[in-house]
Each structure stands twice: as C-alpha cells, then as structure tokens.
Amino acid sequence: MFAARVASSLEGGRAAVLPPERRARLVTQARSLGLREFDANLIVAIVQDSARTGAAPLGPETADRLPLVASGSPEGSRDERGTLMLLLSSLCLAAAIAFIGARWLLMA
C-alpha cells in the first residue's frame, strides 16, 4: 500500500523525482502505518529504482524486492510491546520482593 502511494507521488517519468517535502509527508504516513523511517525510505528507494531503470514502479521486479523490507504494524512493533511487558513484569517482581522484604524485617 505504501509503495503504491510512493509510485503515485513520483514526478518526471524515468527521472522518478520525489521532492523533499513530498518525501517527508510520505515518511510521516508510513510511520502512521507502523513502518520505521528507515523501512519507509527503503521502499521509496526500491520504487524509485524500478522507475529509473525503466521497469514499472509497481511491477514484478519491485514486488520481488518489497518483501525484503520489514512490514509495519499500526499498533506498534513487537519490540515496543515486548519492552512494555518486560517493564511491567519487572515492576511487579520488584513490588513482590519489597513486600516479602518488609514482612521479613517486621517479623525479625
């Protein structure tokens, strides 16, 4: 879907020009789709390269290369969710240790 947006934003036929302000808007859109900025720029480069070599920007050559880019997730990446779960688990463990320590000190 993002590659199609990029292809429709290119100007100049085989020159495949993408003005900086349009590129910035596309990268912002990609981030809202859950893509990292690096991956968004990689998709732009793949689509531009296809157009500049005379292939269709959304043709088979492009389709073969796009799966090399990590797919996004609008709800956040697994790494972010994993980090949050690790933080919550650590806080629960710290609270349990503090409770057990306090009980032990009060009993002594």
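Biologist: What phi does Gly 34 take just after H2?

Modeller: Gly 34, just after H2, has a positive phi of about 95°. Helices here are DSSP runs of H or I with at least four residues, numbered from the N terminus. This is a predicted model, where local features need pLDDT of at least 70, side-chain atom pairs count only at pLDDT 80 or more, and totals for chains, interfaces and linings use all residues. Residues are numbered from 1 along each chain as its sequence is written, and side-chain values use heavy atoms, leaving out hydrogens and water.

Biologist: Thanks! Why is Ala 16 called buried?

Modeller: Buried means under 20% relative accessible area, exposed over 50% and partly exposed in between, with a 1.4 Å probe and protein chains only. Ala 16 has 0% relative accessibility, so it counts as buried. It lies in the loop between helix H1 (2-9) and helix H2 (20-32), and its phi is near 50°, a positive value in a residue other than glycine.

Biologist: What makes Phe 2 buried?

Modeller: Its relative accessible area is 5%, and the limit is under 20%. Phe 2, in helix H1, has contacts (heavy atoms within 4.5 Å) beyond four places in sequence that include Leu 26, Ala 30 and Ile 43. Phe 2 and Ala 30 are 28 residues apart in sequence, yet 6.7 Å apart C-alpha to C-alpha.

Biologist: Good to know! Which residues of H2 are buried, and how do you know that they line one face?

Modeller: They are Leu 26, Val 27 and Ala 30. Seen down the axis of H2, the buried residues fall within an arc of 100° (taken from directions from the helix axis to the C-beta atoms), so they line one face. On the other side, Glu 21, Arg 25, Thr 28 and Ser 32 are exposed.

Terms used:
Helices (H or I, at least four residues) and strands (E, at least two) are DSSP runs, numbered from the N terminus.
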